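Welcome, and thank you for bringing your viewer along. Load the model, colour it by secondary structure, and follow the stops below.

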Amino acid sequence: MSVTSFVRPGADRPGTPIPTSVPARAADPARPSAAWREGDDPGGRLFADVGPLDLERGTRLPAVRVAYETWGELAPDGSNAVLVEHALTGDSHVVGPSGPGHPTPGWWEGMVGPGAPVDTDRYFVVAPNVLGGCQGSTGPSSPAPDGAPWGSRFPAVTIRDQVAAEVLLADALGVTRWAAVVGGSMGGMRALEWALSEPERVERAVVLASTPYATAEQIGWSQAQVMAIRNDPHFAGGDYYGQPEGPDAGLSIARQVAHVTYRSEIELHDRFGRRGQAEGADAPFAVESYLEHHGTKLAGRFDANSYVVLTEAMNSHDVGRDRGGLESALRAYPGRLTVAAVDSDRLYPPRLTDEVAALRPGTVQRLVTSRSGHDGFLTEIEQVATIVREALDGGRRAADDGLDRHR
């Protein structure tokens, strides 16, 4: 097991080797996928080759690489490590500007850094790209043992498999116990799975806008998105990496469907109503242009196969599986669990965190007030910051925070 660290020349990371590997290549607009590929600029990514991984469904990945970023310094006793888990189309770039290797700025700006809720003056923060992703960790666009991209041959992975890969990363980094694991949406699934898979290695788990299992409606929405990609004629059964064009149209439609579930009905009504994007009876509705914009943006920075693999991993999510059911699984975790819902979230509605709190006494439950729907865990930074600070400070309640679900 090895950890290969890549930094930009002049980076202040004592003891971290600067590679003499393949130079970064310029982005190629003709590539059929926006996945990060070997030889691209690594940006702030580091890489750990963590070895083979036996998967929950009986298959095996012979070699797994995990891309990740870090901030802060690990304490000599290893007690200050915090794991931050990204959502479906996120990656390891939690904070920081866009630039070489990173087509977009960090997805959680203001939450990690000196003096931030996850304070890098106190904590060593690790953010991995998920197994099955497309930003440096092993996924469908990665080379298989024969050197060609995995494509359609990439095995099905579960949330539990993704956590197993992150366990190997923690071992490689020398992190024996996390002070906290924090995540939202799909990242919240992994945060909760970490607490239940490795209960003695997670002091605190903070689960934002997420769920202990995928519901029928969530699976239904996911199925529509997956079929949009698979029915794109350029998908080629998942083996499009050698083609001049990839399934951008299918990926864009999938994102448009998903984006409706990420926002609330009232927010879309207030922002767009029945307004047209331009004058004239044939002009598209403003909301149509808005969704198309988000679909096009995602197709320019993500990989369709990874979208399918990760979506199906979320569908597999059920922390009670093979653990005697949900209540038995939750009660086995001895650490501090914080669950927070967004009041207008129709994808992961508050009833799901109500269920967790009811089944596991001692769970800290909070409610974020937002008109943004599911994306409130990203947009309501002040409220989320209060929840995260409280959780990391050992549960000290902020006076009059207005976030207590039971108030």
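**Getting your bearings**

Start with the whole chain in cartoon view: the protein has eleven helices and eleven strands. Here helices (H or I, at least four residues) and strands (E, at least two) are DSSP runs, numbered from the N terminus. This is a predicted model, in which local features need pLDDT of at least 70, side-chain atom pairs count only at pLDDT 80 or more, and totals for chains, interfaces and linings use all residues. Residues are numbered from 1 along each chain as its sequence is written, and side-chain values use heavy atoms, with hydrogens and water left out.

Now switch on a surface. Of the 407 residues in the protein, 55% are buried; buried means under 20% relative accessible area, exposed over 50%, and partly exposed in between (1.4 Å probe, protein chains only). Among contacts (heavy atoms within 4.5 Å) between residues at least 6 apart in sequence, 70% join residues at least 24 apart.

**Stop 1: the aromatic pairs**

Show the aromatic side chains as sticks. The structure holds eight aromatic pairs. Select Trp107 and Trp108: their ring centres are 5.4 Å apart and their planes are at 15°, so this pair is stacked. Rings of Phe, Tyr and Trp (its six-membered ring) pair if their centres lie within 6.5 Å; planes under 30 degrees apart count as stacked, over 60 as edge-to-face and the rest as tilted. Which of these two tryptophans is buried? Trp108 is, with a relative accessible area of 2%, whereas Trp107, at 22%, counts as partly exposed.

Next, select Trp178 and Trp194. The ring centres of Trp178 and Trp194 are 6.1 Å apart with planes at 85°, so this pair is edge-to-face. The pair links distant parts of the chain, 16 residues apart: Trp178 sits in the loop between α1 (159-173) and β8 (180-184), and Trp194 in helix α2 (residues 186-197). Trp178 is buried at 2% relative accessibility, and Trp194 is buried at 0%.

Before leaving the aromatics, select Phe235, Tyr240 and Tyr241, which form one aromatic cluster.

**Stop 2: Val181 in its strand**

Go back to β8 and pick Val181, which lies in that strand. Val181 has a relative accessible area of 0%, so it is buried. Leaving aside neighbours within four places in sequence, the contacts of Val181 include Leu83, Glu85, Ala191 and Val206. Trp194, from the previous stop, is also one of the contacts of Val181. Add Ala81 to the selection: it is 100 residues from Val181 along the chain, and their C-alpha atoms are separated by 8.8 Å.

**Stop 3: Tyr123 and its neighbours**

Select Tyr123, in the loop between β6 (118-119) and β7 (124-128). Is Tyr123 buried or exposed? At 6% relative accessibility, it counts as buried. Not counting residues up to four places away in sequence, Tyr123 touches Trp71, Gly72, Glu73, Asn80, Val82, Val118, Ala179 and Leu392. Glu73 is 50 residues from Tyr123 in sequence, and their C-alpha atoms are 6.9 Å apart.

Then draw a distance to Arg122: the side chains of Tyr123 and Arg122 make a polar contact (3.0 Å). A polar contact is a pair of N or O atoms within 3.5 Å; within protein, one must be able to donate a hydrogen and the other to accept it, and residues adjacent in sequence count only if both atoms are side-chain atoms.

**Stop 4: two unusual backbones**

Select Ala209, in the loop between β9 (204-208) and α3. Ala209 has a positive phi of about 50° although it is not a glycine, and at 1% relative accessibility it counts as buried.

Jump to Asp322, in the loop between α7 and α8 (326-331). Asp322 also is not a glycine, yet it has a positive phi of about 60°. At 71% relative accessibility, Asp322 counts as exposed.
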